[in-house]
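Dear colleague,

Please find below the structure that I am handing over to you, followed by a summary of what was found in it. I would be grateful if you could read the notes with the structure open beside them.

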Amino acid sequence: MKKIWGGGKKDADKLPKVAIIIPIYNVEHTLVENCINSVIVQTYKEIEIVLVDDGNDKDYAEFIEKFKRIDNRISVYRHEQNQGLYQARMSGVKHSNSDYIAFVDADDTISIDWIRILVKKAVENHSDIVMGRTICVNEDGCKYIFNSNYSVCTHEAIKGKEIFEFLIKDCGLDFSMHTVWNKLYSRALWEKAWGDLSSHGRHLIMTEDILFSCILFYHAQRMSFSNHDGYFYFRNIQSSTINTGTISKCRKDIEDLSYVFHSVKNFMKKQRGWEQYKCFYNEWLNRYFRWWSMSVEKICKVGGTEADHLKTDF
């Protein structure tokens, strides 16, 4: 097995295959190109790249299709209508055929060795989930790592119920804990969790990763961490809901948020873990309520009947 991770020619028959799933919907072309290029040049070559066209218009769909001519490991799965990020990720998994699964958002990039390092860790530790460090990238090019993420990725491997507790007891403080794109997952884990994941057919964008992570972390048996600085998360602060959101977009985001937290609560009750973890859940919910209160207050300053209704409903 050393041969897999060392230099020189590798025996492809011994290498587990990784599906890298990239949902795409109306992302700036240059960002998409940078994202896909960072995946194509991975040192780990046993990959399939699944681009999920989540209902883009005809011209944009043609832009996505062109990538299949660049690399034969790339496939495109298309939604005729936009179904949201949750369903796009689910479609990507469903239409992949690999031993491991990773996600990259279409405006992000990964380091050239990202996949190899995570797969190595997963194989050596028999892990269902491997989490690596996230580098935040601002629009001005400034790069930084949050202290919480830096320390989390130095953690020893955890197993069993420790994995879900590791997530829920964080109470949403470290967003990199529940994001799906800075991790590698075993397909066996996804198959185990599929019944719970596929029960949600709703169009979800905001906080969809919390729902994914709560279910996947619960079903995981072993989780490892890598201190490799390899996932570059593009933070488009100016386009966030709190800065540029319309009242209708804000309402949709809040509806997603409400659905996700209610679904997580119902999932914990189904697994008979509600009484044990409800204090952590409530702290997480309250924290997000406080954060979103700022967004609602800012957007509702424009006034009008719709703004008044949003504020009242929230």
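In what follows, a residue is called buried when its relative accessible area is under 20%, exposed when this is over 50%, and partly exposed in between. Please bear in mind throughout that this is a predicted model.

I begin with helix α4, which spans residues 84–94 and is mostly covered, nine of its eleven residues being buried. The buried positions in α4 are G84, Y86, Q87, A88, R89, M90, S91, G92 and V93. Among the elements that cover them are the strands β1 (18–24), β2 (47–54), β3 (74–79) and β4 (100–103), together with the helices α9 (187–197) and α10 (208–219).

The largest nonpolar core comes next. It comprises 87 residues, and the members that touch the most others in it are V18, I22, I115 and W190. Helix α12 supplies the largest share of this core, namely eight residues. As for V18, its contacts, leaving aside residues up to four places away in sequence, are Y44, E46, I47, E48, S98, Y100, A102, I115, V119 and L184.

I turn now to the charged pairs. Side chains of opposite charge can pair when their charged atoms come close. In total, the structure contains 17 salt bridges, and three of these may be of interest to you.

The first to mention joins R73 and D71 through their side chains, with an N to O distance of 2.8 Å. Both R73 and D71 are buried.

The second links K249 to D253, whose closest N and O atoms lie 3.0 Å apart. These two residues are four places apart in helix α12 (residues 247–270), so about one helical turn separates them. An α-helix has 3.6 residues a turn, so residues three or four places apart point the same way. K249 has a relative accessible area of 36% and is therefore partly exposed, whereas D253, at 4%, falls under the 20% cut-off and is therefore buried.

The third pairs R290 with E283, with 3.7 Å between the closest N and O atoms. R290 is partly exposed at 45% relative accessibility, and E283 is also partly exposed, at 31%. Elsewhere, D53, R78 and E80 are joined into one network by salt bridges that share partners.

With kind regards

Notes. Residues are numbered from 1 along each chain as its sequence is written. This is a predicted model: local features need pLDDT of at least 70, side-chain atom pairs count only at pLDDT 80 or more; totals for chains, interfaces and linings use all residues. Side-chain values use heavy atoms; hydrogens and water are left out. A salt bridge is a side-chain nitrogen of Lys or Arg within 4 Å of a carboxyl oxygen of Asp or Glu. Buried means under 20% relative accessible area, exposed over 50%, partly exposed in between (1.4 Å probe, protein chains only). A nonpolar core is a set of buried Ala, Val, Leu, Ile, Met, Phe, Trp, Tyr and Cys residues joined through side-chain atoms within 4.5 Å. Contact means heavy atoms within 4.5 Å.
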